[in-house]
Amino acid sequence: MKKFFVFSFLLLISSLVSNTYAEAIKFKASAVAFRTTDDYGNWKKWSDWRNSDALIVYNEGRYNIYSDDDVLTFDTVSSEKGTDLKYSCIDKEGKQCTIRFHNEDGQPQLYIEYANFKIVYSIRMLD
């Protein structure tokens with residue numbers, strides 16, 4: 001019984017330590033583009049790519065995107081794996097959206113998709 005208690009205690013401690021030291025996953029954007037819908041709900045063309053130096057950080061179920069203009073915050077609700085990795089999210093205003101990772105011709109991209117607005121970042125993972 002004493003061995004079981006010691007083993008359980010060590011397991012609990014190691015679990016707490018690993019959660020405490022979970023590292024954030026960081027991405028750096030090099031470009032960004034936007035897309036909106038028209039008055040009838042049809043998607044317009046993507047904007048031209050613009051330079052971006054946004055920092056994208058994922059840590060403990062939250063995405064933060066730091067750009068010159070703003071900080072975007074998204075809490076993940078659920079995830080789905082397929083050809084793309086998708087996260088159902090809630091932004092800081094309480095609106096639902098999807099964050100999706102996609103690979104376009106060998107270039108990783110991160111999409112933020114709302115019902116009538118989309119943002120795409122061309123990204124690379126930081127060490």
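Here a biologist and a modeller talk through a predicted model of a protein chain.

Biologist: Good to see you! To set the scene, how many helices and strands does the secondary structure of the protein chain come to?

Modeller: Happy to help, and please keep in mind that this is a predicted model. From the N terminus on, the elements run α-β-β-β-β-β-β-β-β-β. The secondary structure therefore comes to 1 helix and 9 strands.

Biologist: Thanks! What share of the contacts with a separation of 6 or more comes from residues 24 or more positions apart?

Modeller: The protein chain has 127 residues, and 29% of them count as buried. Among the contacts with a separation of 6 or more, the share from residues 24 or more positions apart is 37%.

Biologist: Let's turn to strand β9. Which strand does a hairpin join to β9?

Modeller: Two pairings of β9 are worth a look. Strand β1, residues 25-36, runs antiparallel to β9 and is joined to it by 9 bridges. Strand β8, residues 107-113, also pairs with β9 in the antiparallel sense, over 5 bridges, and there Tyr111 has Val120 as its bridge partner. The connection through 3 residues is a hairpin, and the strand it joins to β9 is β8.

Biologist: Lovely. Which residue in β9 is the bridge partner of Phe27?

Modeller: β9 covers residues 117-125, and Met125 is found in it. Leaving aside residues up to four places away in sequence, Met125 touches Ile25, Lys26 and Phe27. Met125 and Lys26 are 99 residues apart in sequence, yet their C-alpha atoms are 6.1 Å apart in space. For Phe27, the bridge partner in β9 is Met125.

Biologist: And is Met125 buried or exposed?

Modeller: The cut-off to use is that exposed means over 50% relative accessible area. Met125 has a relative accessible area of 56%, so Met125 is exposed.

Biologist: I was curious about the cysteines. Why is there no disulfide between Cys89 and Cys97?

Modeller: A search of the whole structure finds 0 disulfides. Cys89 is buried, with a relative accessible area of 2%, and Cys97 is buried as well, at 5%. A disulfide needs the two sulfur atoms within 2.5 Å. The cysteine sulfur closest to that of Cys89 is in Cys97, and it is too far for a bond because the distance is 5.0 Å.

Biologist: That's clear. Which residues lie closest to the centre of the largest pocket?

Modeller: The largest pocket holds about 440 Å³ of space. Elements giving two or more residues to its lining are β1, β2 (50-51), β5 (71-81) and β9. The lining residues divide into 10 nonpolar, 4 polar and 8 charged. Of the 22 residues that line the pocket, the closest to its centre are Ser67, Asp70, Leu72, Ile119 and Tyr121.

Biologist: Now for the backbone. What is the phi of Glu60 near?

Modeller: Most residues other than glycine have a negative phi. Glu60 lies in the loop between β3 (55-59) and β4 (62-66) and is exposed, with a relative accessible area of 66%. Its phi is a positive value in a residue other than glycine, near 50°.

Biologist: One last question, if I may: which residue has a positive phi of about 55° although it is not a glycine?

Modeller: Look in the loop between β7 (96-104) and β8, where Asp105 has its place. Asp105 is exposed, with a relative accessible area of 78%. The residue with a positive phi of about 55° is Asp105.

Key
Residues numbered from 1 in each chain as written. Predicted model: local features only at pLDDT ≥ 70, side-chain atom pairs only at ≥ 80, totals over all residues. Heavy atoms only, no water. Helix = DSSP H or I, 4+ residues; strand = E, 2+ residues; numbered from the N terminus. Buried < 20%, exposed > 50% of the residue type's maximum accessible area, 1.4 Å probe, protein only. Contact = heavy atoms within 4.5 Å. Pairing = 2+ DSSP bridges. 1 Å grid on protein atoms, 1.4 Å probe; cavity = no way out; pocket = protein on both sides within 12 Å on 5 of 7 lines; lining within 4 Å. Points joined across faces, edges and corners; volume = space filled by probe spheres on them. Nonpolar A, V, L, I, M, F, W, Y, C, P; charged D, E, K, R; others polar.
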